[in-house]
Structures are given as structure tokens and as C-alpha cells.
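These are my notebook entries on one protein model. I record each item in the order in which I looked it up.

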Amino acid sequence: IFSRFAGKKPAEGASQDESLSEIANQFATETLARIFAEQGRPEEAKLIYSRLILDFPEKSAYFASLIDKLN
């Protein structure tokens with residue numbers, strides 16, 4: 001499954017941001033966001049944390065604090 005996804009090219013006219021948004025929506029986990037943050041990719045991490053706020057409103061304050069740390 002992963003090899004099919006990894007080998008898949010973005011749709012024609014799709015930007016890097018659109019592809020990242022698709023990945024974030026499909027694989028939005030706290031672990032992935034932390035990995036992005038550790039790799040120096042805070043925008044990607046913030047995108048995932050924002051998605052997690054919508055998915056888990058009871059933890060929204062926690063995810064918001066993680067976003068603040070990235071700023």
C-alpha cells in the first residue's frame with residue numbers, strides 16, 4: 001500500500017501544499033506532527049495539529065499549546 005502511495009505523483013496542477021494537505025488529512029497523528037517539528041518543518045506540524053484540534057475537540061487546548069510552541 002505504501003509503495004503505491006509513495007510512487008503516486010500529485011495531480012496535474014496540484015501544488016506541494018495541496019499534496020501536503022492531502023497527506024495531513026489522511027495521516028494526521030500527533031506522532032507525525034512531532035516528527036515534522038523535529039525535522040524543522042513547523043508549518044507541516046501546525047497543519048496536522050490544527051487538523052487534530054478538529055478531530056479531537058476535547059484536546060484542543062493541548063494541541064493549541066503545541067502550535068504555540070512552534071511559533
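Entry 1, salt bridges. I began with R51 and D55, whose side chains meet in a salt bridge at 3.3 Å from N to O. The model is predicted, and I read the distance as a computed value. Both R51 and D55 belong to helix 4, where they sit four residues apart, about one turn of the helix. I then checked exposure at each end of the bridge. R51 has a relative accessible area of 29% and is partly exposed; D55, at 36%, is partly exposed too.

I asked how many salt bridges the count comes to. The count is three. The next one I took up joins E43 to K46, with the closest N and O atoms 3.2 Å apart. E43 and K46 both lie in helix 4, three residues apart, again about one turn of the helix. Are E43 and K46 buried or exposed? E43 counts as exposed at 52% relative accessibility, because the cut-off for exposed is over 50%. K46 counts as buried at 16%, because buried means under 20%.

The remaining entry under this heading is R41 with E44, where the closest N and O atoms are 3.3 Å apart. R41 is partly exposed, with 32% relative accessibility. E44 is buried, with 15%.

Entry 2, helix 4. Having met helix 4 in two of these notes, I looked at the helix itself. Helix 4 has 14 residues and covers residues 42–55. From its first C-alpha to its last it reaches 20 Å, close to the 20 Å expected at 1.5 Å a residue. I listed which residues of helix 4 are buried: E44, A45, K46, I48, Y49 and L52. E44 and K46 appear in this list and also in the salt bridges above, E44 with R41 and K46 with E43.

I then looked up A45 separately. Leaving aside its neighbours within four places in sequence, A45 is in contact with A33, F36, A37 and L70.

Entry 3, nonpolar core. I asked which residues make up the largest nonpolar core. It has eleven residues: A28, L32, A33, F36, A45, I48, Y49, L52, F63, L66 and I67. Helix 3 (30–38), helix 4 and helix 5 are the elements that give two or more residues to this core. Helix 4 gives the most, with four residues. A33 and F36, noted above as contacts of A45, are members of the core together with A45.

Entry 4, aromatic pairs. A search of the whole structure finds two aromatic pairs. Y49 and F63 form a stacked pair, 6.1 Å centre to centre, with 25° between the planes. I noted why the pair counts as stacked: its planes are 25° apart, and the cut-off for stacking is under 30 degrees. This pair links distant parts of the chain, since Y49 lies in helix 4 and F63 in helix 5 (residues 60–70), 14 residues apart. Y49 is buried, with a relative accessible area of 5%, and F63 is buried, with 2%. Both Y49 and F63 are listed in the largest nonpolar core.

The other entry here is Y62 with F63, a tilted pair at 5.3 Å centre to centre and 55° between the planes. Y62 counts as partly exposed at 37% relative accessibility. Y62 is therefore not eligible for a nonpolar core, which is built from buried residues. Y49, Y62 and F63 form one aromatic cluster.

Entry 5, whole protein. I closed with totals. The protein has five helices and zero strands, and from the N terminus on its elements run α-α-α-α-α. Of its 71 residues, 23% are buried. Among contacts with a separation of 6 or more, 31% are between residues 24 or more positions apart. The exposed area is about 5300 Å², and carbon and sulfur atoms supply 55% of it.

Definitions and conventions
Residues are numbered from 1 along each chain as its sequence is written. This is a predicted model: local features need pLDDT of at least 70, side-chain atom pairs count only at pLDDT 80 or more; totals for chains, interfaces and linings use all residues. Side-chain values use heavy atoms; hydrogens and water are left out. Rings of Phe, Tyr and Trp (its six-membered ring) pair if their centres lie within 6.5 Å; planes under 30 degrees apart count as stacked, over 60 as edge-to-face and the rest as tilted. Buried means under 20% relative accessible area, exposed over 50%, partly exposed in between (1.4 Å probe, protein chains only). A salt bridge is a side-chain nitrogen of Lys or Arg within 4 Å of a carboxyl oxygen of Asp or Glu. A nonpolar core is a set of buried Ala, Val, Leu, Ile, Met, Phe, Trp, Tyr and Cys residues joined through side-chain atoms within 4.5 Å. Contact means heavy atoms within 4.5 Å. Accessible areas come from the Shrake-Rupley method with a 1.4 Å probe; for residues, only the protein chains shown count as cover. The expected span of a helix is 1.5 Å times one less than its number of residues.
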